[in-house]
Every structure is written in structure tokens, then in C-alpha cells.
Amino acid sequence: MTQAIDLYAVMGNPIEHSLSPLIHQAFAKQCQQVINFEKRLVDNDHFPQAIQAFINEGGKGLSITLPFKQRAYNLVDEVNEFAQKARAVNNIIISQEKKLIGVNTDGIGLVNDIQNNLNVSLNNKNILIMGAGGAVRGALQPILNTQPKEIIIANRTVEKAELLALEFSKEGDVTGCGYQDLIGKRFDIIINGTAASIANELPPLPNQTIPPTLCYDMMYSKHGTPFLEWAKRQNTKQLADGIGMLIEQGAEIFFLWRGVKPDTAPLLKVYR
Ligand code: ATR
């Protein structure tokens, strides 16, 4: 009897530009494994049904992208620590008993990219994170685990930054503020977790008097982003977009699904 090929998929809306199938097929090839990895466009009102259909087909795992990460968190049977803190799930493991285990590998993907690929340590650094939505919430715990000196969360809607900072304040020195409050402050590392780049906009950041070590945009774009253009003008030593985060988060879940940790370097070479 021939064995069925394990089925995986990424669900989102829109989905056509997702790189997840390419990334996971590259990992599978490198690890000499054979998997099916599909893109599934899911209607906004039919996310639970789409998951159920996938389980019925015998699917082994799912990647979840916008706008379903929070809904996936509420739908799964169990979550790991990072998903709990993020209140969002970006990948699901479907167990043999058809239990849904929700994980969040976005933050660890970001940290691995910064520390292992870009060789910038987060430990003991002054970090500015812009934005206070789901993307930033997902990144906070893994960043705090590296024990930075200080994290400042800046957001247009100041209360959101303050509340988010308060929620994580037991884990380290985290403060929330508005962009005005950043005047005169200097940061080693600036991370853009806002949705501004998607709209080709720049958050209202004051100029830096001393160049930051690293400016990182969680969004990826072949054409650069307004934030990375700003970072260039500040003479920032290193710039990166979120392609490495995407590849690294994929490697984390590939390991959980398949039991083998792929080498991300060949993919990074192609995409970065
Ligand atoms: P995500 O889940 O991708 O984080 P979100 O929860 O909608 O999306 O959060 C979007 C974040 O980007 C918010 O912090 C938002 O700021 P507000 O809370 O003040 O709305 C931020 N954002 C979006 N567009 C922005 C822009 N042009 N400049 C600065 N911040 C922006």
C-alpha cells in the first residue's frame, strides 16, 4: 500500500502572495521529506468550517495568516505559552486524536532572525517597538526573554501602548507612550510592528541623534519600506525587513510538525 502524503496548508484572506508553501516545500526538500502544502483562501465568515473541512481531509498542520490569527486562538483546543501571551495563533498542529494545538512562532522567528541571522544581540539593549496591535503583542514575550535593558512601545493611540506595556510589565522594563514622547530618546534597536508600511506610510518618528544599531521592519517588501528609508537617513548600521522573521517562524513550526529543524540559510540567501 502506498502511504498518503501528509497534507498542510496556509489559510488567510487574501492568500495569493503567501510564501509559506514555497518556504515549507524548500524545507521539506532539504530534509528529504515529501509533503503537500496548499494555499487556502478562506471566506471571512467560514473560518471554523474551513478548519473542520481540513481536519476531515486528514490535514496534519495549518499556518494561519491575516485576518485569522486571533480567531484561531479562540478556536483551538490548547495553546502553547507564546500563543497564550500573544493571544494569537499563527500555526496549528493537528494531533493524531484530531486535537488542535495552537502555537505562535512569530516572535521567536523575529528574535532568531535578529540574533542568529543579523548577529545583533537583544540582551541589555534599549529597544523601541512601534505599534500596539497583534504583531507587537506576538513579539513581546520572546523579546523579553532575551532580557533587554528597556522596551518602549510607541503607538499613535497612546492608551493601547500603555495597556500593552502594563500587561507585560512583570516580565521586564516595558513602558508605553506616544511618538511625541520619543523626542530626545535614543535607541539601539527600533522595530516597526505597525501596519504603516502596508499603507506606504511612516510612523511619526523623531530623528535620532545617534544612529541605531538595527532598524527592523516586520513587514517584508521587495521595494523597501518608508521606515527603512527613514532608517537609512539616520545612518542606521543594519537594516532588515521581515522576510527573515517569516522564514524563521516557518522553521520553528516545521520542526514541530516534522521533527526536523531545517537550515534557514539557503532560503535567506535567496530571499534577503
Ligand atoms: P496587527 O495585527 O498587524 O498588529 P492591528 O492590530 O490592526 O494590526 O494594529 C495595527 C497597528 O499599526 C496599530 O498599532 C496602529 O496604531 P493605532 O493603534 O494607533 O491605530 C498602527 N498603525 C497603523 N497605521 C499606522 C500609521 N500610518 N502610522 C503609525 N501607526 C500605524
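This briefing walks through two sheets, the helices around them and a few unusual backbone spots.

The model is predicted, so local features need pLDDT of at least 70, side-chain atom pairs count only at pLDDT 80 or more, and totals for chains, interfaces and linings use all residues. Residues are numbered from 1 along each chain as its sequence is written, and side-chain values use heavy atoms, with hydrogens and water left out. Helices (H or I, at least four residues) and strands (E, at least two) are DSSP runs, numbered from the N terminus.

**The mixed sheet**

- One open sheet has six strands in the order 2-1-3-5-6-4, and its pairing is mixed; two strands pair if DSSP finds at least two bridges between them.
- Strand 2 (35–41) and strand 4 (78–79) sit at the edges with a single partner strand each, so one side of each has no neighbour in the sheet.
- Strand 3 (residues 61–64) and strand 5 (residues 91–94) run antiparallel and are joined by three bridges.
- Look across from glycine 61 and you'll find isoleucine 93 of strand 5.
- On its other flank, isoleucine 93 has isoleucine 101 in strand 6 as its bridge partner.
- Strand 5 and strand 6 also run antiparallel, with four bridges between them.
- These two strands make a hairpin with five residues between them.
- Strand 5 is covered on both faces: Asn91 and Ile93 on one side, and Ile92 and Ile94 on the other, are all buried (buried means under 20% relative accessible area, exposed over 50%, partly exposed in between, using a 1.4 Å probe and protein chains only).

**Helices on the mixed sheet**

- Helix 1 (residues 20–30) lies across strand 1 (6–12), strand 2 and strand 3, and it runs at about 175° to strand 2; axes are lines fitted to C-alpha atoms, for helices over the stretch in contact, and angles run from 0 to 180 degrees between N-to-C directions.
- Helix 2 (residues 47–56) packs on this sheet too, touching strand 1, strand 2, strand 3, strand 5 and strand 6 (100–103), where contact means heavy atoms within 4.5 Å.
- The direction of helix 2 makes about 170° with that of strand 1.

**The parallel sheet**

- The other open sheet of six strands has the order 9-8-7-10-11-12, and here the pairing is parallel.
- Strand 9 (174–177) and strand 12 (238–240) take the edges, each with a single partner strand, so one side of each is left without a neighbour in the sheet.
- From one strand to the next, the twist averages 15°.
- Strand 7 (residues 126–130) and strand 10 (residues 189–192) run parallel, with four bridges joining them.
- Across that pair, isoleucine 129 stands opposite isoleucine 191 of strand 10.

**Helices on the parallel sheet**

- Helix 6 lies across strand 7, strand 8 (150–154), strand 9 and strand 10, at about 165° to strand 7.
- Helix 8 (residues 226–233) packs on the sheet as well, touching strand 7, strand 10, strand 11 (214–217) and strand 12, and its direction makes about 170° with that of strand 11.
- Pro226, Phe227, Leu228, Trp230 and Ala231 are the buried residues of helix 8, and they pack against strand 7, strand 10, strand 11 and strand 12.
- After helix 8 comes asparagine 235, with a positive phi near 60°.

**Where helix 5 meets helix 6**

- Helix 5 (residues 106–117) and helix 6 (residues 134–145) pack at an angle of about 50°, with axes 7 Å apart.
- That makes helix 5 oblique to helix 6; angles under 35 degrees count as roughly parallel, over 145 as roughly antiparallel, 65 to 115 as roughly perpendicular and the rest as oblique.
- Gly107, Ile108, Leu110 and Val111 of helix 5 make the contact with Gly138, Ala139, Pro142 and Ile143 of helix 6.
- By class, this contact has six nonpolar, two polar and no charged residues (Ala, Val, Leu, Ile, Met, Phe, Trp, Tyr, Cys and Pro count as nonpolar, Asp, Glu, Lys and Arg as charged, and the others, Gly among them, as polar).

**Backbone oddities**

- The peptide bond from asparagine 13 to proline 14 is cis, with omega near 5°, and proline 14 lies in the loop between strand 1 and helix 1.
- Another cis bond runs from leucine 66 to proline 67, with omega near 0°; proline 67 is in the loop between strand 3 and helix 3 (69–75).
- Lysine 98 isn't a glycine, yet its phi is positive at about 65°, and its relative accessible area of 43% makes it partly exposed.
- Asparagine 119, in the loop between helix 5 and strand 7, has a positive phi near 55° and is exposed, with a relative accessible area of 61%.
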